[in-house]
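I am opening a notebook on this structure. My entries follow what I looked up, one topic at a time.

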Amino acid sequence: MPKQVIKSGSRPPWVGLSAAVWLEIAAGNAYNFPLYSHALKSVLGYNQQQLTMLGVANDVGESVALLPGYACSKLQPWMVLFVGACACFLGYGLIWLSVTQTLPGLPFWLLWIALIVATNSNAWFGTAVLVTNMKNFPLSRGTVAGILKGYAAIGGAIYTVIYNVFLDKSSAKLLMFLALGIPVICFTLMFFIRPCAPASGEDSSEHAHFVFTQAMACLAAVIVLFITVAGHVTSVSSSVTYTLVGLVVVLLVSPLAIPVKMTFSRKRSVKKPNPLSEYVEGLHQEEGETDITNPLLKPSSSRGSFIDMEDDDASDVQTLLAEGGGSFEQKRRPRRGEDFRLRQAFVKADFWLLWFLYFLGVGSGITVLNNLAQVGIAVGIDNTTVLLCLFSFFNFVGRLSSGAISEHFVKSRAMPRTVWMTLAQFLMVVAFILYAVSSTTTLYLATGLLGICYGFQYSLMVPTASELFGLEHFGIIYGFMLLGNPIGAALFSGLLAGRLYDAEAIRKGSLTCYGPECFRLTFVILACLCGVATMLSVILTVRIRPVYRSLYGSRSLRLPQE
């Protein structure tokens with residue numbers, strides 16, 4: 001890998017975060033599947049099981065991030081984003097050609113692959129901006145992950161507004177917009193996503209900047225929700241709608257005000273001493289280094305490398321063994337909180353507990369999202385775009401709030417983030433029970449509750465994995481964790497929900513199923529799976545509590561002895 005040029009100063013990380021906001025919104029295109037799935041079914045004549053399998057392809061593409069994760073450790077961020085833009089153009093372009101009958105008669109398997117390629121752009125976009133920004137803000141990784149994943153969630157609602165207001169609710173126009181608009185956004189912003197050297201201390205205004213970014217995101221989400229819901233409940237004039245859309249654009253651009261303010265502000269920010277950053281900075285000075293090629297990853301990207309993680313590991317030392325007249329240095333295995341390679345993480349029970357927890361929680365949630373239109377139709381809701389917008393909004397709330405809440409309790413009480421994942425899993429059980437009731441009132445309530453819990457699960461996995469297994473190889477570890485999404489979708493959505501739905505529809509003598517029986521058994525099974533996930537989360541929380549006490553307790557910044 002060529003030597004990366006690291007941008008120094010306090011402004012570049014915030015410029016990168018501002019650009020990442022738009023790229024994460026672009027990466028929310030996978031949530032658009034319910035907006036054009038009906039066109040795939042009506043124009044191409046697919047049945048529900050085929051449509052469900054396309055939904056699985058949508059999730060597979062979105063979540064298979066092993067290659068992007070590996071690429072992040074070898075390529076510049078803009079190169080990773082460029083690959084994502086090309087995938088978006090090719091995948092959605094081919095689907096558009098099929099839906100418009102420009103290329104009629106394309107086989108199902110080809111469209112299945114095209115959808116994987118199209119939504120795999122999300123993995124390239126999301127992995128590049130997430131890995132880069134978490135390294136740029138290593139001491140606020142939970143907050144950064146919540147902000148970025150929150151904007152990705154609101155992206156689904158923003159696309160819904162674009163679909164309703166500007167594209168005349170045309171699936172063909174939406175697919176063309178996805179094929180052309182997203183690459184344009186990426187090419188415009190990709191050079192602003194770059195690795196930056198973290199400041200040598202915590203900026204006293206950093207917390208206020210994060211709060212400002214979160215507040216602007218919340219306002220934008222509320223306005224987007226209002227535009228969508230009001231458009232279906234009452235008649236809203238075009239001038240009002242366009243004014244509100246313009247306000248949303250201003251709010252989405254507003255994070256750029258942070259680096260602008262830094263440029264024109266003459267008052268110097270007050271720095272808080274940070275032993276971790278001072279130690280890393282001192283290492284570079286002692287070694288005569290003028291360029292930081294990997295910020296906060298020397299000697300380790302995690303504060304856990306500077307502390308004693310567990311009593312039974314306290315006596316680990318590097319042992320020199322003589323063999324055949326020579327000697328070699330045997331390196332100790334990393335402790336939890338230090339930098340793990342993927343193969344090293346594979347042998348850790350905590351790694352697999354976190355993976356199965358994510359697999360059960362997000363896999364069951366994505367099953368509902370893929371079938372949300374059919375769930376609404378089954379209970380008598382004709383226009384399901386409100387359901388999609390409702391899910392997207394509360395998914396955004398869950399992602400954004402989970403980062404801020406967990407960050408507060410992690411730093412103040414050393415509370416593991418998995419505590420909140422446990423609560424989210426329990427509430428998902430409640431949500432699926434409400435779905436099984438199958439009334440219009442409980443459907444809206446369950447969709448909002450599930451959106452919040454899904455957002456919690458998705459967003460909390462990111463900082464938890466980085467805290468347990470480090471930031472140096474986080475891209476590939478994050479990519480493997482994301483595999484829980486498509487595997488869960490294939491099992492729960494493709495093999496479970498799709499087959500049960502089609503069987504019920506055939507029993508009623510129709511391609512479309514109506515009535516509470518269409519998904520009731522599916523929801524009961526998913527509730528049971530989330531109950532199992534709740535127990536796994538409790539076990540994981542108990543296991544990693546000492547790690548968080550070491551990372552964020554009173555002794556968390558003890559530096560290594562000479």
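**Entry: D168**

I looked up the exposure of D168 in this predicted model. Its relative accessibility is 54%. The cut-off for exposed is over 50%, so D168 counts as exposed. I then placed D168 in the chain: D168 sits in the loop between α7 (141-166) and α8 (171-189). The backbone caught my eye too. D168 is not a glycine, yet its phi is positive, at about 55 degrees.

**Entry: Q101**

I found a positive phi at Q101 as well, about 65 degrees, and Q101 is not a glycine either. Where does Q101 lie? I traced Q101 to the loop between α5 (77-99) and α6 (108-136). Its relative accessibility is 38%. Partly exposed covers the range between under 20% and over 50%, so Q101 counts as partly exposed.

**Entry: α14 and α18**

Next I turned to helix packing. Two packed helices are described by the angle between their axes and the distance between the axes. I looked up helix α14 (residues 349-370) against helix α18 (residues 440-469). Their axes are 10 Å apart, and the packing angle is about 160 degrees. Angles over 145 degrees count as roughly antiparallel, so α14 and α18 are roughly antiparallel to each other. The crossing of α14 past α18 is left-handed.

I listed the residues that meet. From α14 come D350, F351, L354, L357, Y358, V362, G365, I366 and V368. From α18 come L450, Y454, Q457, Y458, M461, T464, A465 and F469. I sorted this contact by class: 13 residues are nonpolar, 3 are polar and 1 is charged.

**Entry: α3 and α20**

I checked a second pair, helix α3 (residues 48-63) and helix α20 (residues 484-507). The axes come within 9 Å and cross at roughly 170 degrees. That makes α3 roughly antiparallel to α20.

On the α3 side I noted Q48, Q49, T52, M53, V56, D59, V60 and S63. They meet N485, P486, A489, A490, S493, G494, G498, R499, Y501 and D502 in α20. The classes in this contact are 7 nonpolar, 8 polar and 3 charged residues.

**Entry: A505**

I stayed with α20, since A505 belongs to that helix. Is A505 buried or exposed? At 2% relative accessibility, A505 counts as buried. I also looked up its separation from Q48. The two residues are 457 apart along the chain, but their C-alpha atoms are separated by 9.4 Å. Leaving out residues up to four places away in sequence, I found A505 touching S510, L511, T512 and C513.

**Entry: cysteines**

C513 led me to the disulfides. A disulfide is a covalent bond between the sulfur atoms of two cysteines. How many are there? I count 1 disulfide. C513 and C518 form a disulfide, with sulfur atoms 1.9 Å apart. The link of C513 and C518 is left-handed, at -90 degrees about the S-S bond. I found both C513 and C518 buried.

Why is C453 without a bond to C530? I looked up the sulfur of C453 and its closest cysteine sulfur, which is in C530. The gap is 8.6 Å, too far for a bond, as the cut-off is within 2.5 Å. C453 is buried, with a relative accessible area of 1%. I checked C528 as well. The closest cysteine sulfur to that of C528 is also in C530, at 9.5 Å, too far for a bond.

Key: Residues numbered from 1 in each chain as written. Predicted model: local features only at pLDDT ≥ 70, side-chain atom pairs only at ≥ 80, totals over all residues. Heavy atoms only, no water. Axes fitted to C-alpha atoms, helices over the stretch in contact; angles between N-to-C directions. Helix = DSSP H or I, 4+ residues; strand = E, 2+ residues; numbered from the N terminus. Parallel < 35°, antiparallel > 145°, perpendicular 65-115°, else oblique. Left-handed = near helix turned anticlockwise from the far one by under 90°. Contact = heavy atoms within 4.5 Å. Nonpolar A, V, L, I, M, F, W, Y, C, P; charged D, E, K, R; others polar. Buried < 20%, exposed > 50% of the residue type's maximum accessible area, 1.4 Å probe, protein only.
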